[in-house]
Structure formats: C-alpha cells, structure tokens
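Welcome! Here is a short set of exercises with worked solutions, to be read with the structure beside you. Try each task yourself before you read on.

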2 protein chains.
Amino acid sequence: MSLSSVRIYEVAPRDGLQNEAAVVPTAEKAELIARLMGSGLGDIEVTSFVRPRWIPQLADAAELVGLLPRNPTARFWGLVPNRVGLERALESGIGGIATFLSASETHNKKNVNRTIRESLAGIEEVLGVAREEGLRTRAYISCVFGCPYEGDVAPEASLQIAAKLLAAGADEVVLGDTTGMGTPLQVERVIALLADGGVPIDRMAVHFHDTRGTALANALTAWRVGIGTFDASVAGLGGCPYAPGAAGNLATEDLVYMFEQMGVRTGVDLDALADAGEYAAGLLGRELPGRYHQYHRGNRRRTASRAVSR
Amino acid sequence: MSLSSVRIYEVAPRDGLQNEAAVVPTAEKAELIARLMGSGLGDIEVTSFVRPRWIPQLADAAELVGLLPRNPTARFWGLVPNRVGLERALESGIGGIATFLSASETHNKKNVNRTIRESLAGIEEVLGVAREEGLRTRAYISCVFGCPYEGDVAPEASLQIAAKLLAAGADEVVLGDTTGMGTPLQVERVIALLADGGVPIDRMAVHFHDTRGTALANALTAWRVGIGTFDASVAGLGGCPYAPGAAGNLATEDLVYMFEQMGVRTGVDLDALADAGEYAAGLLGRELPGRYHQYHRGNRRRTASRAVSR
C-alpha cells in the first residue's frame, strides 16, 4: 500500500516565516524560494493573502509572487482566508491556493472568530471561484489530531468537514496536527476512518508538527497506510510560540533523509535542500530546530574550522 | 506482534553526561538519578567504569553508586570496558553491567584501539565473570545501522557478534545506532535478519540517536516488529559532538509520550519525567534538545510569567 515515490509540499516561506517577528526582505524570500525550488521541491507555499496588517511578515504577498519565475518547474501556493484574499491571490497570478479551518470548534473560534459552519460557507465559495478560475486548491483542516483547548477531537468531525471540502472543489484536504499532539496509532485510525468514509487516500495530505517529537514517526505511519503528500518546512522553520528553539513544523530535511534512505523517491536533492536550510538560518540569524539541519550545520562548521587550522 | 507494555532503559546519567565538559557534582548526579527513579524508570545506566582519566565526568563511579539507594525499585547499571572496569563495578555493588564494541571494524579500532576479534575476547571474559558474580549483563553493539567511517555496515556482522555475546552470557544485546544514520525500513530488515539468525527478539534492545531526526520513527518501527526494550535519555541529553543544540540520544519524554498516547504502558509518569529533565537542564545550565522537554519547559515559563504578571 505504501508508495515508492512521494510528494513534499514545502511550507517554510509561509507557515515558517509567519511566526517570525523580524520582517524578511522580499528579495531574500524570493531567494529562499529559488533555492528550495533548486533542490527539487515541486510545491511551495510562498505566502498568505490574509489582510496585510494581520501578518506584516507576509504583507508583501503580491510583490513576492511577482518576483517568482513565471514558468516554474515548481507550483507556488498562497494561503487564502476569504473571498477578499482570493481576489488578491488571483491578481497576483499565483497557481494554487490553500484555505483553512479547524476541526475543533473552540480553536476555529479563537483563530478566525467564526463557527466551523460559518467558515465552511466562506471556504466553499472560495473553492468554487478558485476552481472556476483554474487555480489548484487545497484545504487545511487544523487540530485533526487534538486541540489545545478541547483535547481530543472526534475524527468524525474531520470526516464531515473533509467530505464537504472535497465536494466544494478542493483538490486535496490536509490533515493538520496543529499543535503536535498526534501519535502513530491515532494517525492510522484517523486516516482509516476518513478513507472508509469516502475520502480518497490520494486526496489526503498530512501536515505534522514536531512539538512533542512525533512528527516523523507520524509521517512514516501515514506513508505506510498509503498517504502520498507530506507537508514540511525546511530546517523545521516555524517556531512554536512556547519556547525558543522549540519545534514547530516537521523539518523537510529529516523527511527527505528518511524517505530517500528507505528507497522512496522525493525528487529532492538533500544536499541542496540542506544548503537552502542553511540560507534560511542565515536570514533569521538564529538556530533553527531541524535535526538534519543542525547536523549539516555542524559539519559545515567543522569543515570550515579545519580549513582555517591547516 | 507489538507489545502492550515496554521497558525503557534510561541512559542520561552515563551516556548523556559523558560528553559534558563541566563536571557535575556527585550529589547532583545522585539527585538526578533519584528523580528519574521517582518517575517510574526501572533501569538506569548511572555511570561508567572506564579508567577515570578517560572520562573525568564519570571518575566518581564508585562514590556515586555508594550514594544510590541500597534496595531500589530500579536497577542500576554501569558501563564496563574491560576486566579492570569489571572489578571496579563489582566492588561498587552495582547490579548490572554493560559491555560495548562496534559492528564496524574501523569504528571499533578508533574507539578502543582493538580489532572486533580482540574486543570480543575481552568481553566474553567480562560477561562470564559478571554472570558468575550474579550481575545482570547487557552488551552494546555500536554502528549497527551505519558507520561514520565505513558507511554501510553489513547486518550479518551484527548477527555474528550478537550470537557470540549471547553465547558468552549477555542477558541482552543492544543494537546501537551510534551516529543516528538508521531509518525505519532498515531497522526492520536488521532486526528480522538477527531474529531469523537465532537472536531471540526478547533479548534484543534498541538504542537510537536522533542526529538526523529518525530516532522516534525507528523506535516505533522496532516496537512494531516486537522489540520490547528501548534506550533513551531524559531531555535528549547526550550532545552530539558536531554542533551545539544538535541531537544525540532519543529523548525519553518523547518515547514515553508516544507510547502512552498509543496505550502502550511504560510504567513512567510523564510529568515527573519531564520535571527530571528540567532538573537536568538546570544542572547543565543550557538548553537540551528533547522536543517534549522543550515544550514542557516553555509551558513552565509561560505559567511562571503569567503568575508574575497577575
């Protein structure tokens, strides 16, 4: 059932940077994206079309998309919160959009101040228009594996939402472990429940956070039951709000290392990817949490100091 | 085939501390061990009986063992490099010893300046005497999943070594991923090869390092094929020589979190364990790499600052 090649959806430029206080210049974002593309990544979420003052880091969405290659080997994606955001996305010329809502009523309310039902109505409209306009679409469901406010989240809630999102035109639904609470047997159970409920396995993607260290084990488990699309962030970029150095997103390097060593093709060159992660760390001027990233960085330092000492 | 309860073998006081430059006072080591025991851990590797000047951090082995409870609920273990070390271990009154050698000829030579054959001869003698004296014994095999000097290591080499160690009286053999190169399908293959070759699954333990982020995914995989004993280090203590903050040992908290959430009993109280990890970070005065550890630490900081601001 496991696939011999997988698709990695890179989220660092959006999900990674949006928590960063210091605004990264647009040209440097474009350079990071170019390096990520250069490593072989085929899908990159580059920005968000939320209202600029909500996330100043991503206020340059249109300008950034304008800097990206017109005829790329990679497909670029932008997060879209509502109809106004969709219009900005369409104007920018971006190829794909991602909508979001939560499987937890409390989390959805805190995040966007709407009920799940209200969010769904808006998203269904966005997905419909995006499809008419020829955009690719994906739809995030947050808190599928647990909610920081509600604790357990019934997988049946995620199934109902996923079914509506697909019916409204989403190319894929993304099962998000927003605060990194998920564990492998649960991942298996939730995916099985959705698949049994009619969500095609090849239209599910997974988005794991490494808050409690389980992200890669969860990704492995999802792969074993047939999932083929994995979200990840270079160098683990995407800080957790809790602690400096604490983990956020699953690190792309770790995922690529595991898959490639297992003979599962990702299309990504690990060395080039690790260099892109190094570039990201340089942009932000601090240590990033990805394990392979830190290993790679340590090796580079050792090589450099050896070169100096000779 | 997977077990509903597992045994965790805690290595922080030895494998964790041995890489630390600043020597931790003996009484503080004893306090850390008491806290680890208090969380429910049943097996703790507390020190090493290598020649004191090799590892000054662990030169207090006999004194430390003397400070530990006489009639503990936990079993204490010490690393033993040779016959002289065994004599020191026996004098100390410790209950279990661990020997070590590498499945990679080059790594063994660099580590102990002996061939594998020479190491095995010495270890066979140590295991024989230890058994006669009524000690429990385990035997580490390093570099089972890859060698930083040789690259791939044939699993047949590990099988031959494991068979000899068991024949010489080791209660269990520990498959070590010394530099964190292993990935899940390989873990499956190596364990299957050893089991097919006559090594009982319940006499194999696994010892994973998180250098490239794969430790917990590897542990999950080992559990799925029937392994029941997992080495881990609280807070991920056990720095990698490469980079500050880089990962060494699999963090005990992450392992306990995953297993307990999956309904697999560890006998460990996660909150008490996380507090022990917090104590370890305090002893060393720096950030430690464990994911759950950092999450827990961040939560404590948030709670503390909230209490102050009220």
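Just after helix H7 of chain B, Gly169(B) takes a positive phi of about 115°. Keep that in mind for the first exercise, and note that this is a predicted model.

**Exercise 1. The helix before the glycine**

Task: Find out which residues of H7(B) are buried, and what they pack against.

Solution.
- Step 1. Start with the helix itself: H7 of chain B covers residues 155-167, which is 13 residues. From its first C-alpha to its last it reaches 18 Å, close to the 18 Å expected at 1.5 Å a residue.
- Step 2. Now pick out the buried positions, which are Pro155(B), Ser158(B), Leu159(B), Ile161(B), Ala162(B) and Leu165(B).
- Step 3. Look at their surroundings in chain B: these buried residues pack against helices H6 (116-132) and H8 (184-196), and against strands S5 (136-142) and S6 (172-177).

**Exercise 2. The chain as a whole**

Task: Describe chain A by its secondary structure, its extent and its share of buried residues.

Solution.
- Step 1. Count the elements: chain A has 12 helices and eight strands.
- Step 2. Check the extent. Along the principal axes, the C-alpha atoms of chain A fill a box of roughly 65 × 40 × 35 Å.
- Step 3. Compare with a globule: for 310 residues, a compact one would have a radius of gyration near 19 Å, and the 18 Å of chain A agrees with this.
- Step 4. Turn to the inside, where 55% of the 310 residues of chain A count as buried.
- Step 5. Finally, consider contacts in chain A between residues at least 6 apart in sequence: 73% of them join residues at least 24 apart.

**Exercise 3. A strand and its partners**

Task: Work out which strands pair with S5 of chain A, and in which sense.

Solution.
- Step 1. Locate S5(A) at residues 136-142; six of its seven residues are buried, so this strand is mostly covered.
- Step 2. One partner is strand S4 (residues 96-102) of chain A, which pairs with S5(A) in the parallel sense over seven bridges. Within this pairing, Gly96(A) has Arg136(A) as its bridge partner.
- Step 3. Another partner is strand S6 (residues 172-177) of chain A, joined to S5(A) by four bridges and running parallel. Here Arg138(A) stands opposite Glu172(A).
- Step 4. Follow the chain from S5(A) through helix H7 (residues 155-167) of chain A to S6(A): this β-α-β crossover is right-handed.

**Exercise 4. Two unusual phi angles**

Task: Are Cys143(A) and Ala235(B) buried or exposed, and where does each of them lie?

Solution.
- Step 1. Recall the background: most residues other than glycine have a negative phi.
- Step 2. Cys143(A), although not a glycine, has a positive phi of about 60°. Its place is in the loop between S5 and H7 of chain A.
- Step 3. Apply the cut-off of 20 or more other C-beta atoms within 10 Å. Cys143(A) has 27, so it is buried.
- Step 4. Ala235(B) also has a positive phi, near 65°. Its loop lies between strand S8 (229-232) and helix H10 (252-261) of chain B, and with 31 C-beta neighbours inside 10 Å, Ala235(B) counts as buried.

**Exercise 5. The strand before that loop**

Task: Describe how the residues of S8(B) point, and which strands pair with S8(B).

Solution.
- Step 1. In a regular strand the side chains alternate between the two faces of the sheet.
- Step 2. In S8(B), Thr229(B) and Asp231(B) point one way, Phe230(B) and Ala232(B) point the other way, and all are buried.
- Step 3. Strand S1 (residues 7-10) of chain B pairs with S8(B) in the parallel sense over four bridges, with Arg7(B) opposite Thr229(B).
- Step 4. Strand S7 (residues 204-208) of chain B is also parallel to S8(B), over three bridges, and Ala205(B) stands opposite Thr229(B).
- Step 5. Add helix H9 (residues 215-224) of chain B: S7(B), H9(B) and S8(B) make a right-handed β-α-β unit.

**Exercise 6. How the two chains meet**

Task: Which relation links chains A and B, and which helix of chain A gives the most to the side that touches chain B?

Solution.
- Step 1. A turn of 180° with a shift of 0.0 Å along the axis lays chain A on chain B with an RMSD of 0.0 Å. That is the relation of a two-fold axis.
- Step 2. Ala217(A) is the residue of chain A that comes closest to the rotation axis, with its C-alpha at 2.0 Å.
- Step 3. At the interface, 33 residues of chain A are in contact with 33 residues of chain B. H12(A) gives the most to this side of chain A, with nine residues.
- Step 4. Because 100% of the interface residues of chain A are also interface residues in chain B, the copies meet through the same surface.

Notes: Residues numbered from 1 in each chain as written. Chains lettered and ligands numbered in written order. Predicted model: local features only at pLDDT ≥ 70, side-chain atom pairs only at ≥ 80, totals over all residues. Least-squares fit on C-alpha atoms with pLDDT ≥ 70 in both. Contact = placed C-beta atoms within 7 Å. Helix = DSSP H or I, 4+ residues; strand = E, 2+ residues; numbered from the N terminus. Expected span 1.5 Å × (residues − 1). Buried ≥ 20, exposed ≤ 12 C-beta atoms within 10 Å, placed from the backbone. Rg over C-alpha atoms; globule rule 2.2 N^0.38 Å. Pairing = 2+ DSSP bridges. Right-handed = clockwise from strand over helix to strand, strands pointing away.
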